[in-house]
Amino acid sequence: MNIWKCQGERHQCGQMRQRECNAIIPRCREYMRDYQRVAERETKYLNWYQVVSAESNVEVATTYSRPQNCIRDGKLVDSTTSPEPYIAVSYVWDISPSFKDWQGRRVTEQALHIVARLSKHTPYALWIDAICIHQDNEPAKMVELAKMADIYRGAMAVLCLVPEIDLTTCEIVEHGAGMMDLDGFLALEDAGDTHGMYMFVSQGSNMALHNLFGNWWWTRAWTFQEAVLNHTTFLVGEGEDTIPISEVLKISHPIARRAATQKKHDSLLGKSSSFWDSVNSMSDAAKECMPLGTAMSSVWRRQSTVTHDMAYSLLGVCHLETIKPDYRRPQQKVFADLVEEASSKGDFSWLRWSHLVDRDVAGEGMSMVPVPATVLATPASAITEWRCIEVPRLTSVRGGDFGVCIPHRSTGVVRWQSQPEGIQGTIQTLQKLSYGPEKIWNLLFGLHVGLACDVDKAAGGSGLAQALLNLATGYIDGTFENSDDDLVGDKPYTRGYGFTAYASMAAKVWKNAQLVVMRSQGGTTVVRTNNGTGQARLHKLPVESYRGTCLCLVVHDNAKSRASAIGVMVENEHAGSGPWQLTRFS
């Protein structure tokens with residue numbers, strides 16, 4: 001299996017360090033050893049109906065709302081009064097669906113065909129939206145949409161229909177997932193070798209993966225929660241070939257890492273880095289309740305026919321079902337409702353996307369509210385994981401009548417602010433203020449790429465901040481050519497060499513931007529220039545990294561209830577902060 005195009009000892013594959021003996025060897029040699037090990041295993045994949053049939057004692061979930069109807073033996077049955085198990089189906093509607101009258105309601109011929117096909121393999125009832133939800137009864141439809149998440153959670157299995165899946169696709173995915181468990185892949189992961197990791201799991205961009213991820217199913221908003229809410233979920237091809245979705249999401253992680261950090265091409269396996277970031281984010285939904293900010297990373301890089309669905313398709317996975325779908329409500333209010341409800345539950349993870357909001361054009365009440373377009377415009381999420389800080393119960397609300405309530409702690413007025421400068425000038429300013437390379441990197445790129453300590457970990461090195469800054473600024477000013485990829489080819493192995501990919505990501509962040517450094521008694525931040533006037537203050541937000549680096553909010557006195565900017569804060573040692581306050585930012 002020569003995916004590297006090596007000829008004898010003329011290697012084009014690059015080098016890696018073996019995990020067990022620390023020897024430096026060509027990548028292709030380690031790849032072939034692990035390839036054979038995995039290829040000799042017997043497949044563990046079964047077709048979906050074999051797995052379902054093996055469940056001799058099916059336990060029906062009783063804690064979830066049940067669907068109004070299911071279909072069994074070719075007939076519509078009342079499912080609310082019956083505890084019988086059912087299988088839920090996830091699929092993409094035809095672009096121009098054909099409807100027909102069936103048992104007193106209008107249904108799609110596509111859905112009838114799917115039911116006829118699947119029913120051949122199982123005696124269990126099926127739930128499929130185009131049949132089981134009365135499409136012409138709007139009140140009944142809204143009731144079913146509100147419990148959509150429970151319908152998928154409570155199913156005995158979920159079948160996600162991706163016609164391109166065949167036996168070859170199953171073999172490629174199973175092989176890639178198996179490679180990830182062996183020492184070769186783990187050594188590449190330790191070294192931050194994103195190209196090597198990608199090649200090991202994809203068999204050198206195997207065409208079967210192009211076909212698998214080329215289906216529209218991966219791009220639709222509603223399929224996100226349909227795929228992640230049930231642990232017994234399968235991707236199913238036209239011929240019933242089956243892959244557990246957990247296996248596909250497993251291999252998506254190294255593919256997404258490579259897509260985010262490669263330099264030469266805008267796509268990988270025919271898809272953009274934002275697509276891969278979306279797929280990779282699905283794996284986080286295994287958590288009991290997915291943070292809203294993480295769910296945005298996935299769903300808001302997808303598509304929906306109706307914009308409201310970009311919010312409503314998140315409700316179940318984020319446990320925000322108290323919001324009821326209302327397609328008459330203005331779009332901006334729908335997104336404001338979403339973040340307000342998450343905040344009321346202590347989930348402020350969405351604030352990590354608020355730095356992208358264009359506050360010069362944001363409508364009333366929307367200066368802090370991210371919308372799908374702001375997330376879609378970013379190629380990849382930062383590698384740093386941000387967590388919410390527990391905030392004491394606050395009852396007194398300041399600010400205006402419109403907007404989102406956000407807790408914050410003042411670190412004082414801005415005592416000094418730089419003149420607007422480009423990225424190189426801003427770095428020089430921070431150096432004059434005696435900030436070291438790690439803090440400079442965090443201030444400039446922590447939100448967009450990741451904090452320096454996390455890049456160290458991902459790249460398999462340590463203390464890489466200065467090299468990151470040098471290379472990123474070199475890419476920006478043209479000193480270095482940002483096309484050569486040192487992870488590809490036969491360059492000598494160097495520990496931590498994967499950092500260059502993150503420098504390449506950083507070079508795209510502040511192109512043509514004017515930045516200002518702002519310092520208060522409590523700390524320093526760097527943000528894009530804004531229209532704020534008068535005295536400014538820096539406020540800590542209830543979001544921080546696992547090492548305690550926090551996000552901060554810039555607010556000017558001329559508009560105290562409207563945010564001016566958000567950035568990473570480097571706090572001054574021994575500097576305190578004011579008490580938590582609650583302000584409705586418009």
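How many helices and strands are there in the chain? In this predicted model, the chain has 22 helices and 22 strands. Its radius of gyration is 26 Å, close to the 25 Å that the globule rule gives for 586 residues, so the chain is as compact as a globular protein of that length. The C-alpha trace spans about 75 × 70 × 40 Å along its principal axes.

Burial and contacts were then examined across the chain. Of the 586 residues, 56% are buried. Among contacts with a separation of 6 or more, 71% join residues that lie 24 or more positions apart.

One pair of helices was examined in detail. Helix α1 covers residues 27-39, and helix α7 covers residues 167-179. Their axes come within 9 Å of each other. The axes cross at roughly 120°. Angles of 65 to 115 degrees count as roughly perpendicular, and those over 145 as roughly antiparallel. The angle here falls in neither range, and α1 and α7 are therefore oblique to each other. The crossing of α1 past α7 is right-handed.

The residues that form this contact come from both helices. On the α1 side they are Tyr31, Asp34, Tyr35, Val38 and Ala39. On the α7 side, His175, Gly178 and Met179 meet them. By class, the contact has 5 nonpolar, 2 polar and 1 charged residues. Asp34 of α1 is the charged one. His175 and Gly178 of α7 count as polar.

Definitions and conventions:
Residues numbered from 1 in each chain as written. Predicted model: local features only at pLDDT ≥ 70, side-chain atom pairs only at ≥ 80, totals over all residues. Heavy atoms only, no water. Axes fitted to C-alpha atoms, helices over the stretch in contact; angles between N-to-C directions. Helix = DSSP H or I, 4+ residues; strand = E, 2+ residues; numbered from the N terminus. Parallel < 35°, antiparallel > 145°, perpendicular 65-115°, else oblique. Left-handed = near helix turned anticlockwise from the far one by under 90°. Contact = heavy atoms within 4.5 Å. Rg over C-alpha atoms; globule rule 2.2 N^0.38 Å. Buried < 20%, exposed > 50% of the residue type's maximum accessible area, 1.4 Å probe, protein only.
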